[in-house]
Amino acid sequence: MANIPHGGVLKDLHARDAPKKEQLLAEVEKLPSIVLSDRQLCDLELIMNGGFSPLEGFMNQEDYQSVVNNLRLKNGLLFSMPITLDVSDQDIETLGLESKKRIVLRDPRDDAPLSILTIQDIYKPNKIEEATKVFGDDDILHPGVKYLHTQAKEFYVGGTVEAIQSPIHYDYIAHRHTPAELRAHFNKLHWTRVVAFQTRNPMHRAHRELTVRAARNRQANVLIHPVVGLTKPGDIDHYTRVRVYQALMPKYPNGMAALSLLPLAMRMGGPREAVWHAIIRKNFGNTHFIIGRDHAGPGKNSKGVDFYGPYDAQKLVAKYQDELEIEVVPFQMVTYIPDSDEYLPVDEVPEGTTTLNISGTELRRRLRNGGHIPEWFSYPEVVKVLRETHPPRSKQGFTLFLTGYYNSGKKAIGKALEVVLNQQGGRSVTLLLGETVRHGISSELGFSRRDRDQNIARIAFVSAELTKAGAAVIAAPIAPFAEARAQAKSHVETYGGFYLIHVNTPLDYCIKTDRRGIYKKAQSGEIKNFTGVDDPYEAPVDADIVVDVSKQCVSEICHQIVLVLEKDGYIGER
């Protein structure tokens, strides 16, 4: 029999509200609406299906303050993470939000009405207090803190929700289950003891070994329960990860394991998050939960120190184990023993025994360089999936982003690089000259700071899409502002290489060699907002490559850039 839900009753709002669905849909047409953010959407889905039991809505001020200060709801029940619906003062004014008012919560993807919320209260949180008490720090390098201060709006709305429909998913539908569905599955298979394994990363042979050991030691089955909502920025996308999990499942003993996807928006809250994850897994019917080293840890703070200790999460969950009523299984680090071709817990390895391991950094290096990944580390089926999504650099796209004054030589360098890279072959090559972009996709923009930034954002978008497709992109705008260049880099390097190339030709030289007389017109006032004359240029301090056509010929500059690309593996042998 599946574990009892947290609080004793599974709050399946879909089942509860199904008889009045038509009534709710009719009411939708008369009510104002809030279109949810991606995180709010994840939260609402788990509120409605019971994954966040005993919650029946977003926390009111009393529950919120109690959770922030005491890890408990107002009624005393353990709950470690505030679940809030943030709104702006403009939302409050425009929609007329107030106590007892009813409002529709809509899916941001298709505007579908998902539920109706009855407002209990509207309150302004102390975000510094929330960050400090929930995440242990107000350091903006913590993703949860950053979200709180830069994305979450200034007010919270508390209230209960009535379910109309669940968000529709189009991917991996066979592996998506509500708590009620998963509990029914466990009961059908007579799984009375189930160990849940939380992950937001790909799984390899070591993960398979430790989950099998955990199950066998407790005479239980295994639920691989990965997060496919919002995880840590920079994590591998869930499409790739789920394909990895699917490839791994046949490697378990027949009938031992199941795979189910959790649409959770993680906060990376370490110890508090571990308690929250245990509550969620309990609601999904699990009796045991594996908690790893630095569970839900976001890495290092601005001082270079880990936000949480490696075993802080295990200690906090152990403190509340009796209330949680789910047995915690400490993560057992396992290592490969080549002499016996097996994995063993590190504390069971005899002294002097040869062991092998590949770190996450080393794995990424081998994927990047096309290096060998041995079968003792990961199954070939898993490696195949990872290589499809993370090809070696020789098959990845990249963007060369040239910045500098008008007439600094960017255009000549860009055209020469286009020829050189086409000669290399193996990729399509796209040249985005500043003037071409201005005439093409940014013709309505002027030269204000806002318009300049918008122009660079468009170039970054096009460059990112082409880079994602494996192309070589040469972008050559003036790009005078550091912030816009940094945002372009952040956008593009998600999909491949990004090189900021400062064409550092002195302004005097640019003016002297300007055969078209553009600078002369700008200096006379005929042209306004001209970079280097009456508009500033913020010279890069973070350029990957610096060149100067007053001192180097274009061929020499191209050769310099090509050598860097070869060194980094983007061109050369394929």
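This briefing walks through the overall build of the chain, its annotated site, one buried arginine, one helix and the empty spaces inside. The model is a predicted one. The protein chain has 574 residues, and buried residues make up 51% of them. There are 22 helices and 18 strands to find your way around.

**The chain as a whole**

- Along its principal axes, the C-alpha trace spans about 80 × 70 × 40 Å.
- Take the contacts between residues at least 6 apart in sequence: 74% of them join residues at least 24 apart.

**The annotated site: Thr-199, Arg-200 and Asn-201**

- UniProt, in an unreviewed entry, lists Thr-199, Arg-200 and Asn-201 under "active site". Such annotations may be inferred rather than shown by experiment, so keep that in mind when you look at this stretch.
- Thr-199 sits in the loop that runs between β7 (194-197) and α9 (205-217), and Asn-201 lies in the loop between β7 and α9 too.
- Thr-199 has a relative accessibility of 7%, so it counts as buried, the cut-off for that being under 20%.
- Asn-201 comes out at 35% relative accessibility and therefore counts as partly exposed.
- Beyond its neighbours within four places in sequence, Thr-199 is in contact with His-225, Pro-226, Val-227, Arg-241 and Tyr-245.
- On the same basis, Asn-201 is in contact with Asp-235, Arg-241 and Tyr-245. Arg-241 and Tyr-245 are therefore on the contact lists of both Thr-199 and Asn-201.
- Thr-199 and Asn-201 also pair up directly: a polar atom of the Thr-199 side chain lies 3.0 Å from the backbone oxygen of Asn-201.

**Arg-485, a buried arginine**

- You'll find Arg-485 in helix α19, which covers residues 482-492.
- Arg-485 has a relative accessible area of 4%, so it is buried.
- What does the Arg-485 side chain reach at 3.4 Å? That partner is the backbone oxygen of Pro-480.
- The backbone oxygen of Glu-538 is another partner, lying 2.6 Å from a polar atom of the Arg-485 side chain.
- Setting aside neighbours within four places in sequence, the contact list of Arg-485 includes Phe-401, Thr-403, Ala-479, Phe-498 and Leu-500. Tyr-537, Glu-538, Ala-539 and Pro-540 are on that list as well.
- For a sense of distance, Arg-485 and Pro-82 are 403 residues apart in sequence and 36 Å apart in space, C-alpha to C-alpha.

**Helix α3**

- Helix α3 (residues 38-48) is mostly covered, with 10 of its 11 residues buried.
- Charged residues are among the buried ones here: Arg-39, Asp-43 and Glu-45 are on the list, alongside others including Leu-41, Cys-42 and Ile-47.
- Just after α3 comes Gly-50, which takes a positive phi of about 95°.

**Closed cavities**

- Rolling a probe the size of a water molecule over the atoms shows where empty space is left.
- How many cavities of 30 Å³ or more are there? The count comes to 4.
- The largest cavity holds about 60 Å³ of space.
- Its lining is made of Arg-39, Met-81, Pro-82, Glu-130, Phe-135, Gly-144, Tyr-147, Leu-148 and Arg-267.
- Two elements, α6 (127-135) and α7 (143-150), give two or more residues to that lining.
- Of these, α7 gives the most, with 3 residues.
- By class, the lining of the largest cavity divides into 5 nonpolar, 1 polar and 3 charged residues.
- Two residues from earlier topics turn up again: Arg-39, buried in α3, and Pro-82, the distance partner of Arg-485, both line the largest cavity.

**The second largest pocket**

- This pocket takes in about 870 Å³ of space.
- Its lining has 30 residues, and those nearest its centre are Tyr-406, Gly-434, Glu-435, Ile-478 and Phe-530.
- Three helices, α16 (410-424), α17 (434-440) and α18 (449-468), each supply at least two of the lining residues.
- Which helix gives the largest share of the lining? It is α17, with 4 residues.
- Sorted by class, the lining of this pocket has 14 nonpolar, 8 polar and 8 charged residues.

Notes:
Residues are numbered from 1 along each chain as its sequence is written. Side-chain values use heavy atoms; hydrogens and water are left out. Buried means under 20% relative accessible area, exposed over 50%, partly exposed in between (1.4 Å probe, protein chains only). Contact means heavy atoms within 4.5 Å. A polar contact is a pair of N or O atoms within 3.5 Å; within protein, one must be able to donate a hydrogen and the other to accept it, and residues adjacent in sequence count only if both atoms are side-chain atoms. On a 1 Å grid over the protein atoms alone, a cavity is a set of points where a 1.4 Å probe fits but cannot get out, and a pocket is an open set with protein on both sides within 12 Å along at least five of seven lines; lining residues have an atom within 4 Å of a point. Grid points are joined across faces, edges and corners, and a volume is the space filled by probe spheres set on the points. Ala, Val, Leu, Ile, Met, Phe, Trp, Tyr, Cys and Pro count as nonpolar, Asp, Glu, Lys and Arg as charged, and the others, Gly among them, as polar.
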